[in-house]
Amino acid sequence: MTASMVSVCTSASQAATRRPGPTRANGPNSYPSFASYVRARQSVLLRTARSLTANPSDAEDLLQTALTKTYVAWDRIEDHRALDGYVRRALLNTRTSQWRKRKVDEFACDELPEPEVAPAGDPAEQQVLRDAMWRAIMKLPARQRAMVVLRYYEDLSEAQTAEVLGVSIGTVKSAVSRALGKLREDPELTPVR
């Protein structure tokens, strides 16, 4: 057990006991079972907290907050066999709240972070490629050709293509896969690749 784990758990217990409650005594031994639970499970819970944050100090703070929430709700938790799940849920909810509240900073810079525009290819080469592709598509069987055109030229989804052609989605997937395989093997497209 490391000193940081002891301090996290001790701090959580002390922070929770400072909060006055109508029915509980304010003292470090208000819930002896809580203290024994923390001593027994703190290393496992800290490991869980560390998996939720990149910084070990943030993980300790996160665990301390979750244990404080657990301590405050201790008398309302009916099944103490499910405490690990309760604390893990408190860890996750706390981390989610922290994430939602984080501030996104904007910084001014000298240059705009715009992506560089790639140089356009030679229009003649692009036309040669389109013509070769279309000739290869025209060599496909009519059904495969229709599916390729609908999927890639008309930009329809597999479900939309299946609906237009009156076939199942699985049929579209398999026929398009076979058609793409034939296009990959087309000798006219090999030099283009």
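**Close-up views of an all-helical predicted model**

**View 1. Residue D155 in the loop between α6 and α7.** With a relative accessibility of 65%, D155 counts as exposed, because the threshold for that class is over 50%. The loop that holds D155 runs between α6 (142-153) and α7 (158-165). The backbone of D155 has a phi near 60 degrees, which is a positive value in a residue other than glycine. As in every view here, the coordinates belong to a predicted model.

**View 2. The protein as a whole, with eight helices and zero strands.** Along the sequence the elements follow the pattern α-α-α-α-α-α-α-α. The protein has 193 residues, of which 30% count as buried. Its exposed surface amounts to about 13300 Å², and carbon and sulfur atoms supply 54% of that area. Where contacts link residues at least 6 apart in sequence, 57% of them join residues at least 24 apart.

**View 3. The packing of helix α2 against helix α4.** Helix α2 (residues 32-52) meets helix α4 (residues 83-101) at an angle of about 35 degrees, and the two axes lie 11 Å apart. The crossing of α2 with α4 is right-handed. On the α2 side, the contact is made by Y37, R41, V44, L45, T48, A49 and L52. On the α4 side, the contributors are L83, D84, V87, R88, L91, L92 and R95. By residue class, this contact comprises nine nonpolar, one polar and four charged residues.

**View 4. The largest nonpolar core, with 19 residues.** Within this core, F34, Y37, L63, L67, V87 and L91 touch the most other members. Helices α2, α3 (56-72) and α4 each supply at least two residues of the core. Another core, of eight residues, lies apart from it, and includes A132, L140, V148 and L189.

**View 5. The contact between helices α5 and α6.** The axes of helix α5 (residues 123-138) and α6 cross at roughly 140 degrees and come within 9 Å. From α5, residues M133, W134, I137 and M138 take part, and they meet R145, V148, V149 and Y153 of α6. The residues of this contact divide into seven nonpolar, no polar and one charged. V148, on the α6 side of the contact, is also among the members of the eight-residue core.

**View 6. Residue A179 in helix α8.** Helix α8 spans residues 169-185 and contains A179. A179 has 0% relative accessibility and therefore counts as buried, the limit for that class being under 20%. Neighbours within four places in sequence aside, A179 is in contact with L140, Q144 and V148. Two of these partners, L140 and V148, are listed in the eight-residue core. Q144 is 35 residues from A179 along the chain, yet the C-alpha atoms of the pair are separated by 5.9 Å.

**View 7. Residue K69 in helix α3.** K69 has a relative accessible area of 41% and is therefore partly exposed, as this value falls between the 20% and 50% limits. Apart from neighbours within four places in sequence, K69 is in contact with Y86 and T94. The C-alpha atoms of K69 and T94 are separated by 9.6 Å, and the two residues stand 25 residues apart along the chain.

Methods. Residues numbered from 1 in each chain as written. Predicted model: local features only at pLDDT ≥ 70, side-chain atom pairs only at ≥ 80, totals over all residues. Heavy atoms only, no water. Helix = DSSP H or I, 4+ residues; strand = E, 2+ residues; numbered from the N terminus. Buried < 20%, exposed > 50% of the residue type's maximum accessible area, 1.4 Å probe, protein only. Contact = heavy atoms within 4.5 Å. Areas by Shrake-Rupley, 256 points an atom, 1.4 Å probe, with all protein chains shown as cover. Axes fitted to C-alpha atoms, helices over the stretch in contact; angles between N-to-C directions. Left-handed = near helix turned anticlockwise from the far one by under 90°. Nonpolar A, V, L, I, M, F, W, Y, C, P; charged D, E, K, R; others polar. Core = buried A, V, L, I, M, F, W, Y, C linked by side-chain atoms within 4.5 Å.
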